[in-house]
Amino acid sequence: MDQSNEAWWRRGIFYQVYPRSFQDSNADGVGDIRGIIERLPYLESLGIDAVWLSPIFPSPMADFGYDISDYTGIDPLFGTMEDFDALIEAAHGRGLKLILDLVPNHTSDRHPWFAESRASRDNPKRDWYIWRDGKPDGGPPNNWLSEFGGNAWQHDAATDQYYYHAFLKEQPDLNWRNPAVREAIHDAMRFWLARGVDGFRVDVIWHLIKDAEFRDNPQNPHYVEGRPPHEKILTQYSTDQPEVHDVIAGMRSVIDEFADRVLIGEIYLPLQRLVAYYGNDLGGAHLPFNFALLSTLWSARSIEKIIADYEAALPAGAWPNWVLGNHDRPRVASRVGREQARVAAMLLLTLRGTPTLYYGDEIGMHQVPIAPEEGRDPFEKNVPGIGVGRDGCRTPMQWDASERAGFSTARPWLPLASDFAHENVVNLDADTKSILSLYRALVALRRKLPQLVTGTYEPVAAQGDLLLYRRKSEGQAVTIALNLGAEPVSVTSSSIAFGSKILLSTFLDRESEPIDGALDVRGNEGVIVG
Ligand code: GLC
């Protein structure tokens, strides 16, 4: 596998599509594959390189596709296998790579494997899932909690044992200590890779192996009242076990059976532990998702520290990556505010490492308030009222000002944002100073300047709300100055190369402005200087 700087997944920009909400082509209020094909020209025009699709496989949709009942099919809601083949061909025809979501930690409880497994204690597939006896008093085998609320063990009356589910009870965990499970998922990977898929984003990859002895997890001494209940215990024995790296190396070797494919891992861990997922000799995930920007305090010093810690922790030769949003976390525009969303865009597209954009962030979509009766997310339903719901970041893409925002002709499965008549692709494209125009300009500049892709990252000392760094390659440098506050700041010219000018401001109104003396950065402004 090409690990050089030339590898497409190092140079490229990734874009996550949440298929239910991207484009509906058959008027059922849910997005689908034909809809994605219709919107490929838009994706190509954005200048991104790879599209990652959240799951499109057959599923009862208890967790909107993250509960799979057939790893090698397409759910009729999204279309057919022919539609999928047409999508690969059309995407590749436009020079776009296509990444699928692989959900190997758990299946749907309706997967035929689980039906067999639960049928009897001596079924050949019994050991494909995690079955344990209850405690002598009949209670669950240990104290592990489900991430979606309640106990992680479900008693199954038919065989009087419990099965483990890290998420919904409709999502039983597979037993990755069983080689037959590994083989079955490897074969599913090969099925898609042979069809031309360019790689996988692997769901909750750090969950795959659990403690062999199923020891109780320790209490979390730092639990904060009002946070989701599963945070009451730490996941010391239920996630991030040393043996997981062997499992990932196995997946990676399947990826490497095919030319030029990528393995991305979904991992929520502190940076120091995250970087272990590159694997021994970089034989793990090519890109263990770095979610540090999703939960950071939005301040110059916190972000500067995250970048420094991450850069320092990366193993030799490992390639960094950055994420601002996904289908599980509140929209960046709501986390940091509308003004700072533009600064965040400049940060994402000027840091060293592969950026992943979340659909709609490029048009500044914010978290949409969802009335309880319109809520769909099972997490919110199980743990109501404390703000864990993920529907607000999964609402339909806002394409134009027509009745359903150009997303559908039917009532969408989730409500549209109330401001879509103005905040949509058509309108924002017509506005040369919009956030969409900024995203386009940032992508274009990143494509033009190798410093922004393969250049080194060098922090430049700064104070207060200013985040300052340089990207340098082959003697050419650009400096990025981001003002994370609302007050103007001034950067002395000694921090910036002599004779420089502004290449881009997040306000899109200072291109080519020469810098002499000092660089003045307005409140909530970011600039690239070179
Ligand atoms: C991942 C997915 C999330 C899903 C969970 C369980 O975190 O991103 O949407 O609910 O796994 O599969």
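1. Two strands pair if DSSP finds at least two bridges between them. With that in hand, a good place to start is the hairpin of β13 and β14. This is a predicted model, and these notes should be read in that light. Strand β13 (residues 466-473) runs antiparallel to β14, and eight bridges join the two. Two residues lie between the strands of this hairpin, and E474 there takes a positive phi near 45°. S473 has Q476 in β14 as its bridge partner. You may like to look at E474 on your screen, given its positive phi.

2. Which other strand does β14 bridge to? Strand β18 (residues 526-529) is joined to β14 by four bridges, and the two run antiparallel. The bridge partner of L482 is G526 in β18. How much of β14 is covered? Six of the eight residues in β14 (residues 476-483) are buried, so the strand is mostly covered; buried here means under 20% relative accessible area.

3. Now to the eight-stranded sheet. This sheet is open, its pairing is parallel, and its order is β9-β8-β7-β3-β2-β1-β11-β10. Why do β9 (287-288) and β10 (321-323) each have a side without a neighbour in the sheet? Both stand at the edges and each has a single partner strand, so one side of each is left free of a neighbour in the sheet. Further in, strand β1 (residues 14-17) and strand β11 (residues 354-358) run parallel and are joined by three bridges. Y15 stands opposite L357 in β11.

4. There is also an open sheet of three strands, with the order β4-β6-β5 and antiparallel pairing. Its edges are β4 (131-132) and β5 (153-156); each has a single partner strand, so each has one side without a neighbour in the sheet. β4 pairs with strand β6 (residues 161-164) in the antiparallel sense over two bridges. Here W131 stands opposite Y163 in β6.

5. Helix α12 deserves a paragraph of its own. The helix covers residues 338-350, 13 residues in all, and reaches 19 Å from its first C-alpha to its last, which is close to the 18 Å expected at 1.5 Å a residue. Is α12 mostly covered or mostly open? The helix is mostly covered, with eleven of its 13 residues buried. Among the buried residues are Q340, R342 and T350, together with A341, V343, A344 and A345. The run from M346 through L347 and L348 to L349 is buried as well. As a general reminder, an α-helix has 3.6 residues a turn, so residues three or four places apart point the same way.

6. On to the ligand. How many residues surround the ligand, and which are the closest? The ligand is surrounded by 14 residues, and the closest are D63, H106, D203, E266 and D328. By class, the shell holds seven charged, four nonpolar and three polar residues.

7. For the polar side of the site, three side chains are worth checking. A ligand oxygen lies 2.8 Å from an N or O atom in the side chain of H106. For the side chain of D203, the distance from a ligand oxygen to an N or O atom is 2.9 Å. For the side chain of R201, it is 3.0 Å. Of the 310 Å² of accessible area that the ligand has on its own, the protein covers 96%.

8. D328, one of the closest residues to the ligand, leads us to R390. The side chains of R390 and D328 are joined by a polar contact of 3.1 Å. R390 sits in the loop between α13 and α14. Is R390 buried or exposed? Its relative accessible area is 7%, and buried means under 20%, so R390 counts as buried.

9. S418 makes a useful contrast, and its place is in the loop between α13 (378-382) and α14 (425-430). S418 has 75% relative accessibility and exposed means over 50%, so this residue counts as exposed. From S418 to P369 there are 49 residues in sequence, and their C-alpha atoms are 9.4 Å apart in space.

10. One last loop residue, Q241, lies between β7 (199-202) and α7 (244-255). Q241 is buried, at a relative accessible area of 7%. What does its side chain reach? The side chain of Q241 reaches the backbone oxygen of Q236 at 2.8 Å.

How values were computed: Residues numbered from 1 in each chain as written. Predicted model: local features only at pLDDT ≥ 70, side-chain atom pairs only at ≥ 80, totals over all residues. Heavy atoms only, no water. Near = heavy atom within 4 Å. Polar contact = N/O pair within 3.5 Å; in protein donor to acceptor, adjacent residues only side chain to side chain. Areas by Shrake-Rupley, 256 points an atom, 1.4 Å probe, with all protein chains shown as cover. Nonpolar A, V, L, I, M, F, W, Y, C, P; charged D, E, K, R; others polar. Expected span 1.5 Å × (residues − 1). Buried < 20%, exposed > 50% of the residue type's maximum accessible area, 1.4 Å probe, protein only.
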